[in-house]
Amino acid sequence: MGRNVVAGAVCAVLLGVAAGSVGAADVETISRGSEVVLEDHLVPGKYVLFDFYADWCGPCRALEPHLNALAGRHDDRLALRKIDVVNWDSAVARQHRLSSIPHLVLYGPDGARLAAGDAGGVLRRLEADLGDLGDPAGQPSALVPVLVVAAIFAVALGLVGRRRRTTTRAAAAATGTAATLPAVDTAADPDDPAIWFALLQGSLEGPFTRSQLAELVRRGTLDRNAEVRRRGDAGWRAVHELLD
């Protein structure tokens, strides 16, 4: 509950200060959980900002309109490439050894890596290089200093999630509940796609099919009243609503 309150408060503050009009922004999502080589997505002659995010991350959602606005104001000089980490155990999260999100990586027009890490520090470097004042009226961006605080909360949330996940898996291994779920042939059953994400001990896990969720409930790993949602959905629903 405390983590949700903190994330919600940060999200509200960031949304209140995000500003800027969006033009023909060069924005593209290049990964949804799969490994990605950043250098393969550089754009010659442009700054390229890689945004590691997740749809369950409040600070990430709050940061998005500011990044889009920045890309819109500098569409001829800046490309924004988004990477959905999905969850802490995804291939891309492990590949880049992420410990917190939002996490930004900035490359220069010549392909050199300029900055990486918390959003506040990377954006300060980018906005300085672009000569960006934060909004068309010439007011300094109020979002950047706030993002320093958001990054602290993001690190805390990430570390708490990892500690809980490690403890949970150790307990699961001891009780035999961590066995691999049976493979599902989605082509043979197109009506049961792997699109559902579930909160397991504070960590968003998935995607699962309905039959896999039913198996988790049968094993006792997932409570029937646990919350699940599809990728991109704003609302949650109880598992039993899908299975009954």
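**Close-up 1. Leucine 104 of β4 stands opposite glycine 117 in β5.** The model is predicted, so local features need pLDDT of at least 70 and side-chain atom pairs count only at pLDDT 80 or more, while totals for chains, interfaces and linings use all residues. Residues are numbered from 1 along each chain as its sequence is written, and side-chain values use heavy atoms, with hydrogens and water left out. Strands (E, at least two residues) and helices (H or I, at least four) are DSSP runs numbered from the N terminus. β4 and β5 run antiparallel and are joined by five bridges; two strands pair if DSSP finds at least two bridges between them. Arginine 113 in β5 is the bridge partner of tyrosine 107. The two strands form a hairpin with five residues between them, and glycine 111 in the turn has a positive phi of about 90 degrees.

**Close-up 2. Five strands form an open sheet of mixed pairing.** The strand order is β1-β3-β2-β4-β5. β1 (26-32) and β5 (113-118) are the edge strands, each pairing on one side only. On average, neighbouring strands of this sheet are turned by 15 degrees against each other, direction ignored; axes are lines fitted to C-alpha atoms, for helices over the stretch in contact, and angles run from 0 to 180 degrees between N-to-C directions. Strands of a sheet pair through backbone hydrogen bonds, either parallel or antiparallel. β1 pairs in the parallel sense with β3 (residues 78-84) over six bridges. Threonine 29 has lysine 82 in β3 as its bridge partner.

**Close-up 3. Helices α2 and α4 pack on the sheet.** Helix α2 (residues 58-73) touches β1, β2 (47-53), β3 and β4 (103-107), where contact means heavy atoms within 4.5 Å. The direction of α2 makes about 155 degrees with that of β3. Helix α4 (residues 119-130) touches β2, β3, β4 and β5, and its direction makes about 145 degrees with that of β5.

**Close-up 4. β4 is mostly covered, with five of its five residues buried.** Buried means under 20% relative accessible area, exposed over 50%, and partly exposed in between (1.4 Å probe, protein chains only). His103, Val105 and Tyr107 point one way from β4, whereas Leu104 and Leu106 point the other way. β4 also runs antiparallel to β2, to which five bridges join it. In this pairing, valine 48 stands opposite tyrosine 107.

**Close-up 5. Leucine 49 lies in strand β2.** Leucine 49 counts as buried because its relative accessibility is 1%. Its C-alpha atom is separated by 4.6 Å from that of leucine 106, although the two residues are 57 residues apart along the chain. Not counting residues up to four places away in sequence, the residues that leucine 49 touches include Leu67, Leu78, Leu80, Leu104, Val105, Leu106, Val122, Leu123 and Leu126.

**Close-up 6. The largest nonpolar core has 20 residues.** Such a core is a set of buried Ala, Val, Leu, Ile, Met, Phe, Trp, Tyr and Cys residues joined through side-chain atoms within 4.5 Å. Leu38, Phe50, Phe52, Ile83, Val85, Leu98 and Ile101 have the most contacts inside it. β2, β3, α3 (91-95) and β4 each supply at least two residues of this core, and the largest share, four residues, comes from β2. Valine 85 touches Gly33, Phe52, Tyr53, Ala54, Ser90, Val92, Leu98 and Ile101, not counting residues up to four places away in sequence. A second, separate core of 16 residues includes Leu63, Leu67, Leu78 and Leu104.

**Close-up 7. Cysteine 57 and cysteine 60 form a disulfide.** A search of the whole structure finds one disulfide, defined as a pair of cysteine sulfur atoms within 2.5 Å. The sulfur atoms of cysteine 57 and cysteine 60 are 2.4 Å apart. The link is right-handed, with 75 degrees about the S-S bond, and both cysteines are buried.

**Close-up 8. Helix α6 (residues 210-219) has buried residues.** These are Gln212, Leu213, Glu215, Leu216 and Val217. Glycine 220 follows α6 and has a positive phi, near 90 degrees.
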